[in-house]
Amino acid sequence: MADIPDSHPRKASLLARAKLTEAAAEGLLAESALIAHGRGEAFDYLLGEKTSESASLAIRETAARLIKAERAVISLNGNTTVLAGEQAIRAAAIIGCPVEVNIYYRTPERMEKLTSTLKEIRNKVSQMSPPAGWNGVQWHDSVNSIELLGADADGRIEGLEGPRAICSSRGIEVADAVLVPLEDGDRCEALVALGKQVYVIDLNPLSRTARMAHVTIVDEVSRAMTELCSALVEEPEISHWDNGQALRDALAIMAQASNQIPS
Ligand code: ATP
């Protein structure tokens, strides 16, 4: 990985690029993955590359709803696995839910690579200390018991055609709540139409996904997932959530970026 000094103002962004470039070379990502990341980066620049107060509220709301869900699942694509796989495994251990690899451009090779990557991450996280405030049983056991789904490909998302409809019958198909960072608009719409609660992380407050979800966290996925783990441990309460307001808050922050230009 590139050796970037801590003082570099764009260190986190450059490290994310390096991680994704390496993962792409290893065959973990679809060809369009870096383009999708670039679109996200542009919005993050406007957000000041930090989690806003409004995004923090969305994170707490998502945490509250995931804890209350009967059958939650965390759905990961390639970019999310690479950028926030560790946080996703930690979150799944706290919630006690499966993680499903679900990718738009599905090939057996990429499914296998992403699943093996998550197995390695699960093993690593099981040997790490539990999150501060964790009062569950054995952290090691909670992490190791996370089901890694996706390769089974025996479920369907009704309302979608072709390979994009494929999912796990024990994951997304039966879930009542899906945390799906970086989802595509069509799939988000189909999941909502099936009556599932859908929580997304998307830096673009105007994407169809962002507008369709029940709770949208407008934030960078690794920052948001790190904060989600802390919020889950605190077990917040569900509120009267206004998702439109969360999207407007994000756009207002981006509009204020013009204040940085010298007059
Ligand atoms: P939609 O179909 O929902 O309108 P889209 O076609 O714009 O979305 P895609 O190209 O499928 O979206 O996916 C990229 C989305 O993911 C963009 O909205 C981008 O802002 C967001 N994104 C990319 N990287 C990140 C990241 N690291 N963290 C959060 N969001 C990200």
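**Pockets, a cavity and one helix**

In this predicted model, α2 supplies the largest share of the lining of the largest pocket, 10 residues.

Trainee: Which residues lie nearest the centre of the largest pocket?

Mentor: The largest pocket has a volume of about 1300 Å³. Its lining runs to 48 residues. Those nearest its centre are A33, A36, H37, N79 and L182.

Trainee: How many residues of the lining of the largest pocket are charged?

Mentor: Sort the lining by class. Nonpolar residues number 18 and polar ones 13. The charged count is 17.

Trainee: Which helix gives the most to the lining of the second largest pocket?

Mentor: The second largest pocket has a volume of about 240 Å³, and 15 residues line it. The helices α1, α4 and α5 (108–126) each supply at least two of them. The most, seven residues, come from α4.

Trainee: Which residues of the second largest pocket lie nearest its centre?

Mentor: By class, its lining has seven nonpolar, four polar and four charged residues. Nearest the centre are K19, E22, A23, V82 and T117.

Trainee: What volume lies in the largest cavity?

Mentor: The count comes to one cavity of 30 Å³ or more. Its lining is S75, N77, N102, V180, P181, L182, E183 and R187. By class, that makes three nonpolar, three polar and two charged residues. The space inside is about 30 Å³.

Trainee: What distance does helix α10 reach from its first C-alpha to its last?

Mentor: Helix α10 covers residues 243–255, 13 in number. At 1.5 Å a residue, 18 Å is expected. The model comes close to that, at 19 Å.

Trainee: Why do the buried residues of α10 line one face of the helix?

Mentor: The buried residues are N243, A246, L247, A250 and M254. An α-helix has 3.6 residues a turn, so residues three or four places apart point the same way. Seen down the axis of α10, the buried residues line one face because they fall within an arc of 100 degrees.

Trainee: Which elements do the buried residues of α10 pack against?

Mentor: Contact here means heavy atoms within 4.5 Å. By that test, the partners of these buried residues are α2 (33–47), α3 (53–68), α8 (208–212) and β8 (215–217).

Trainee: Which residues does E49 touch, not counting residues up to four places away in sequence?

Mentor: E49 is found in the loop between α2 and α3. E49 is partly exposed, with a relative accessible area of 26%. E220 is 171 residues from E49 in sequence, yet 7.7 Å away in space, C-alpha to C-alpha. With those sequence neighbours left out, E49 touches R10, S13, D44 and R223.

Terms used
Residues numbered from 1 in each chain as written. Predicted model: local features only at pLDDT ≥ 70, side-chain atom pairs only at ≥ 80, totals over all residues. Heavy atoms only, no water. 1 Å grid on protein atoms, 1.4 Å probe; cavity = no way out; pocket = protein on both sides within 12 Å on 5 of 7 lines; lining within 4 Å. Points joined across faces, edges and corners; volume = space filled by probe spheres on them. Nonpolar A, V, L, I, M, F, W, Y, C, P; charged D, E, K, R; others polar. Helix = DSSP H or I, 4+ residues; strand = E, 2+ residues; numbered from the N terminus. Expected span 1.5 Å × (residues − 1). Buried < 20%, exposed > 50% of the residue type's maximum accessible area, 1.4 Å probe, protein only. Arc of directions from axis to C-beta.
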